[in-house]
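Biologist: Could you walk me through this one slowly? I am still new to reading structures.

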Amino acid sequence: MRERWTATQVSALTPDASSLSAARSLASVSRWHALGADDGPPGTVWGLCKGSGSKPYQTCVDLDDPAFRCSCPSRKIPCKHVLGLLLIWADGEVGETPVPDWVAEWHAGRASRAAKAEARRTAAAEPATDAQIRAAARRAAQRDDRVSRGVAELAQWLDDQVRGGIAGLDRAGYAHWDGVASRLIDAQAPGLARQVRYLAGVASSGAGWDQRLLAEFGLLRLLTRAYERIDYLPDDLAATVRNHVGFTVPVEQVLASEPVRDVWQVLAQRDIADDRLTTRRTWLIGRESGRPALVLAFAAANQPLPVDLVLGTEVDADLCFYPGAAQLRAVVKVRHAAPMRFRSPTGSGTVEAMLRAYADALSSDPWAANWPGVVRGVVTPGDTWRLVDETGKGVDVQIGADEPWHVVAAAGGRPAEIAGEWSPEGFRPLALYVDGEVIPA
Amino acid sequence: MTGSIWPELHATALIGTGRKPWRGASPTGPTSDLVAGVGPDDADVLLAAGALTVARRAGTPPSGSTPTGEPAPAEARRAVPPAAATRLRALLGGTSSGEMLGVWLRLAVDRDLIAPPDQLPALFQVAHVQPPLQSLVAAVAGARGAWLAGLRPEWRFILDAQARQVVDLDPRIWDEGTLPARVAYLESLRGRDPRAALARLTEVWASEPPAERAALLAVLETGLNSDDEQLCESALDDRRKEVRAVAADLLGRLPGSAYQGRMTARVREWVVSTGRRVLVRPPVECDAAMRRDGIEVKPPPGTGERAWWLEQAAAAAPLSVWTSIAPDPPAVLAAAIEPGWSTTMCRAWARAAIRFGAPDWAAALIAAGFGSGPNAEIHDTALAASLYDLLPADAVVDAAIELVTRSSEPDLTRLGRLLDACPAPWPARLADAMLGYLHQAIRESHPTWIQARVQMLGQTIVNGLALDALAAVVTLADRVRADADAAGLGQTGGVRLMDSLVRSISDRHTMFQEFA
């Protein structure tokens with residue numbers, strides 16, 4: 001019998017609070033015609049939910065490579081029926097029953113789709129014809145050319161800012177930054193464009209903005225200089241510079257690299273939404289190696305995000321890392337076992353250890369903006385919020401839209417494992433491990 | 001700043017190299033290697049700034065020993081079951097009504113359970129803007145909640161509310177506590193030993209800050225007795241109006257007090273029965289003695305001065321005084337009051353009935369149409385609602401059933417008051433009658449009427465129905481749907497209303513089971 005997820009972990013999958021409310025109402029055995037769990041493989045929970053129509057909804061969950069299916073018309077993933085089913089399962093009220101045919105068909109369908117995708121990837125990796133290679137090389141050369149001109153233009157613009165003086169840029173207005181950012185988009189350097197847009201926020205960030213803006217200008221100017229000399233840089237650093245400039249690496253190429261096998265713990269998640277895109281940052285840490293990894297997922301606004309990595313679970317899997325000097329971003333290549341709950345994250349340490357890890361990362365990638373950390377300590381509220389470890393050393397906590405009072409409340413002033421992101425602006429708590437339970441922050 | 005040349009770089013960048021040319025640097029200190037090659041170009045200013053920034057980020061030291069404060073004390077009470085915790089998370093995160101949150105809180109409080117700690121800040125924020133929920137939230141907050149509330153001045157109200165819920169309080173609170181805590185202390189002492197509480201209050205009365213006196217004096221309402229008369233009587237001369245008002249109110253409730261005697265004398269003088277008619281003759285001036293007894297001089301808008309003085313005096317006189325007009329309340333109400341004074345007298349009687357808790361007067365006033373029909377506007381609606389609360393539960397239930405079964409268009413204001421006064425869950429006979437009436441209202445009414453009126457009625461029914469009434473509501477929903485299908489109407493307002501009722505009641509039902 002596998003260890004079940006907790007209700008909190010199921011809640012963390014919820015796309016919005018109204019779904020959770022509806023799911024809680026469905027999480028009663030009486031609302032279902034049939035319920036069953038099968039250890040698999042693949043581990044499965046399924047049920048037939050009484051709906052408003054005559055035909056019950058068929059709902060099932062793959063627990064090994066988390067995925068959901070429901071015959072209801074909702075476009076939310078997971079829908080309330082899936083969540084309700086999982087809540088009943090989390091409560092331990094679903095007995096072992098072999099899966100019915102429709103579940104087996106779904107598993108078979110997923111397996112065949114996965115096989116086809118794999119076949120497509122293999123086909124894409126096939127050697128191309130000479131003509132294709134020549135065309136690709138020509139396109140790459142064109143892009144390199146455009147990016148180089150964009151980078152030179154940005155360098156010139158940065159120098160111009162310093163020649164004219166940065167005093168007053170806090171009132172420069174959006175157009176001052178946006179024009180440069182747009183030209184960088186045209187120059188196919190979206191990474192640089194994003195950083196220039198970020199500068200607009202730095203300039204209007206209140207007291208001390210001029211110090212921070214000079215720092216960011218300096219980092220960006222270092223990046224343009226590094227790109228100008230990219231041919232002389234070691235391969236890893238060159239890949240990092242290209243990544244910051246905005247070159248992407250095809251996922252097929254990443255998957256072709258040497259995988260790293262470990263039991264990866266899903267430490268924390270953070271969704272960052274802008275008007276068009278939601279980015280889900282999932283932080284992992286290797287249980288054996290202590291190595292951190294970042295898995296990114298994207299969805300258009302109001303579209304469901306993938307939920308294959310469940311907070312507070314660990315999975316034995318192969319990860320492939322994107323090339324670069326301080327490798328962090330990764331994709332899951334193969335899972336070797338079903339995810340299991342873990343009670344306390346590995347590698348939990350002191351504030352100093354977290355700062356040292358970031359310093360190490362900077363020595364490979366000077367532009368690394370943040371780094372994951374797990375600190376056993378206490379978050380203390382105040383005029384300045386702090387994270388204080390058991391040795392009494394502390395760092396500032398970064399306050400977003402809301403002060404993280406629920407972190408304080410959940411820990412009750414006792415040391416807990418607090419997972420989050422460290423950045424020069426401060427520590428951002430993302431998840432809390434208390435009494436063997438994970439609580440998203 | 002790391003690196004001795006940062007301030008120079010910063011000053012140069014602020015003004016601009018155009019005006020303050022950069023001549024390169026001759027750095028010293030630990031980062032000198034980093035910027036040793038910095039030349040005189042504009043780019044060099046930024047490159048040096050960039051290098052120093054990386055160095056500074058890599059060298060960020062932790063802050064020294066920061067005190068973390070005392071951890072929360074251990075919790076003595078049990079937490080709500082996991083399913084109920086998930087429900088709370090959903091209620092707090094979503095757009096669901098505050099009403100459901102209230103139901104959840106009462107379920108937890110009834111079982112003496114505490115809320116999951118990570119949800120406390122969200123609960124406190126809700127209670128902050130919804131004061132009626134504060135005592136419930138304080139009750140489920142537990143020791144963790146008290147600890148948490150102590151960290152944030154905005155959440156002080158949780159501590160105050162918890163102090164009121166504790167029976168055995170530390171006597172030091174009386175000397176050192178905040179006003180709400182002192183009130184709580186005095187209340188708890190008063191509940192156990194009225195005489196000791198009075199002694200405590202009398203001891204410090206003269207030295208209490210005027211602003212606190214009113215709240216402390218009001219505590220005497222619990223266990224009010226003739227021992228309290230002296231202090232209250234002296235408080236009628238207090239400099240502060242709030243204190244005088246509390247004193248007058250207490251004396252008015254105290255049987256046989258000199259204050260009641262004075263009010264009785266006034267009423268006897270001003271309202272005189274000739275046998276055939278009741279003459280009303282309030283004074284033309286509010287004298288010092290009247291003012292001392294708490295009679296407010298200035299009437300509220302729309303009320304005459306003399307009527308206002310009469311209303312206040314008549315509301316404070318014991319109801320027995322009216323036997324001089326007629327032997328029982330219905331007869332008093334039927335007496336021929338001098339034209340123009342009957343509204344004033346009815347309001348005064350209603351206030352007296354509420355103050356002295358007189359169900360016979362409440363029943364008589366309601367039967368005489370107080371606060372309903374044409375009187376709905378001129379009589380105070382809050383007064384009318386309080387009158388219904390005085391009626392015995394059975395009588396309210398009977399009255400509500402009679403109202404909806406006798407008449408096809410009952411007075412909805414009156415019905416609403418009666419239903420509000422029926423303790424939930426309703427007895428089955430009332431639930432059946434209300435569902436029958438709801439069915440009839442849906443069948444006979446105009447679609448827009450369903451939207452407004454029946455919707456309101458529906459919510460009241462949800463609040464009143466016992467959890468085991470779910471089956472009956474589902475049956476009714478099926479019938480309403482069948483009626484609509486038979487008429488070829490499909491999704492009518494009635495169908496939607498019944499669906500939402502079924503959902504609300506089954507949600508409550510599920511919530512209840514989540515606490516099992």
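Biologist: How many cavities of 30 Å³ or more does a search of the whole structure find?

Modeller: The search finds two of them, a cavity being a set of points on a 1 Å grid over the protein atoms alone where a 1.4 Å probe fits but cannot get out. This is a predicted model, in which local features need pLDDT of at least 70 and side-chain atom pairs count only at pLDDT 80 or more, while totals for chains, interfaces and linings use all residues. Residues are numbered from 1 along each chain as its sequence is written, chains are lettered from A in the order in which they are written, and side-chain values use heavy atoms, without hydrogens or water.

Biologist: And what lines the second largest cavity?

Modeller: Its lining, meaning residues with an atom within 4 Å of a point, includes A:Pro66, A:Asp308 and A:Arg335, and about 30 Å³ of space lies inside, counted as the space filled by probe spheres set on the points.

Biologist: Switching topic, how many residues does each chain bring to the contact?

Modeller: Chain A brings 60 residues and chain B brings 58, where contact means heavy atoms within 4.5 Å.

Biologist: Which three residues of chain A supply the most buried area there?

Modeller: They are A:Arg24, A:Leu214 and A:Trp405, which supply 14% of the area that chain A buries against chain B, buried area being the accessible area (1.4 Å probe) lost on being put together, summed over both parts.

Biologist: How many salt bridges cross over?

Modeller: Three are found across the interface of chain A and chain B, each a side-chain nitrogen of Lys or Arg within 4 Å of a carboxyl oxygen of Asp or Glu; one of them joins A:Glu216 and B:Arg57 at 3.1 Å, N to O.

Terms used
On a 1 Å grid over the protein atoms alone, a cavity is a set of points where a 1.4 Å probe fits but cannot get out, and a pocket is an open set with protein on both sides within 12 Å along at least five of seven lines; lining residues have an atom within 4 Å of a point. Buried area is the accessible area (1.4 Å probe) that two parts lose on being put together, summed over both.
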